[in-house]
Amino acid sequence: MNANSSNHSNPESNVNVSAPDSSTEASITNTASQSTTAGSQGQQMWGGRFSEATDSFVAAFTASVGFDQRFARHDIQGSIAHATMLKECGILAAEEVATIIEGLQQVLREIEVGDFNWSIALEDVHMNVESRLTDIIGSVGKKLHTGRSRNDQVATDIRLWLREETDNIIALLVRLQSGLLDLAEQHTNTIMPGFTHLQTAQPVSFGHHVMAWFEMLYRDTERLVDARRRINQMPLGSAALAGTTFPIDRTITAELLGFEGICQNSLDAVSDRDFAIEFTSAASILMMHMSRMSEEIILWMSAQFNFVQIPDRFCTGSSIMPQKKNPDVPELVRGKAARVFGQLMTLLSLMKSQPLAYNKDNQEDKEPLFDCVDTLTGSLLAFADMLPNITPNKENMRAATMKGYATATDLADYLVRNGVAFRDAHEVVGNAVALGIAEGVDLSDLSLAQLKQFSDAIGDDVFDYLTLEGSLAARDHLGGTAPNQVKQAVVNGRARLKAFA
């Protein structure tokens, strides 16, 4: 897997299929004059089982081509591999397969240039492609569907598509994390307050805080890489639900399409959407993390904090208040997290009551998944450009750290090292903080005499521990906020990201 690839080609596929833009929208024929055509073409698909044509409203209501045409390239990719396998297994003649592949490549070219007439009458991307293939090469095109069903075909398409999108998302995540490492490296010594309960707790470096964001995203990357293994299993060859009577070799198709494994049960293969739910779950956790980051940026940009600024290109103003600089991108990402959460609930609800095997309900899996991928991809693109360009206001961060008695714990630790029990030290520091509040000064501004009235264990060296720099430097261990530890965390982070390259 090449997670850094920015194009939409499948690096694992040995099938030579060029790639149109997955966002291409083709016009869908849906005119009143075609309503009657829908019925007749539908009957051609179903053969002789039906005695009357499909109602025109039902044809439109049940059609999925309005959205599943997004799978066109992957559908053709899978069809080329399937036809190649049929040839290798002696099920179709070599010349027939050559004709089929040539015809499929022409269909793809028509789709790429927007010269393809998508028809609701043909219901979905599969039948649209197959119908056009038959128009081009004649009846031999009808042999392509030998040994497969639309059930295993769509299950294959969605996995091929999602595998590719997962690779693109992982590449964006790596790009974002690389930018965060650069930002953290620049600010290992920039002091800011660390918060619990949104109250000043202890001093940390801004670089250390950025590295916390990095760790969140690193776990997200691991989740997506792991989920990709289960996405990358091939259902093709399961046919409708029970397999096929033709002597196929699924390993040939899997190798051609770059699948890591083959779905082991035909019933499960055509009806499983766990991989889509798992992806959407991982996407939801990722969006939750990005929403938390957004919330911090929004707070920090307020006049009350004034900790950071983001470039103007990621903000908007107000139509009435000329002074406003609104953090629209973080606010939208925070809002879009809810949208992705909703798509996860949609997919879970969709699958919760389905008996084996395939049901028409599964047609409703695509739009939530598409929206999830689009929303996540857009959010990552915005963050990958925005977050590395955050500018911290160092003076304001430092001043805010000084206001909250952030070194109180350092004073308590100092007393413990000098033989005072921690609970007693806690009380001593509480009294010192109360004096500082009464005097309107920080702990480091109290005199030695003022501090010693609370404990004889306090000596002249106490002020070495009450400075902000001393507080940071004292936390010199793996995972601590000491500047040299943050620098090492950045080095380690770059090495860890190489696993996803």
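**Exercise 1. State which elements cover the buried residues of α20, and which face of the helix is concerned.**

Solution. The cover of the buried residues of α20 includes α7 (150–186), β4 (199–205), α8 (206–231) and α19 (468–474). Helices (H or I, at least four residues) and strands (E, at least two) are DSSP runs, numbered from the N terminus. This is a predicted model, in which local features need pLDDT of at least 70, side-chain atom pairs count only at pLDDT 80 or more, and totals for chains, interfaces and linings use all residues. Residues are numbered from 1 along each chain as its sequence is written, and side-chain values use heavy atoms, with hydrogens and water left out.

Next, the buried residues of α20 are Pro483, Gln485, Val486, Val490, Gly493 and Leu497; buried means under 20% relative accessible area, exposed over 50%, partly exposed in between (1.4 Å probe, protein chains only). Down the axis of α20 these residues fall within an arc of 150°, so they line one face of the helix. The arc is that of the directions from the helix axis to the C-beta atoms.

**Exercise 2. Describe the packing of α9 (250–257).**

Solution. First, list the buried residues of α9: Arg250, Thr253, Ala254, Leu256 and Leu257. They occupy an arc of 165° and so line one face of the helix. Their packing partners are α4 (72–88), α7, β5 and β6 (261–262). Gly258, with a positive phi near 75°, follows α9.

**Exercise 3. Determine whether Gly237 is buried or exposed, and list its contacts.**

Solution. Gly237 lies in the loop between β5 (233–234) and α9. Its relative accessible area is 12%, so Gly237 is buried. Leaving aside neighbours within four places in sequence, Gly237 is in contact (heavy atoms within 4.5 Å) with Asp152, Gly243, Thr244, Ile248 and Arg250.
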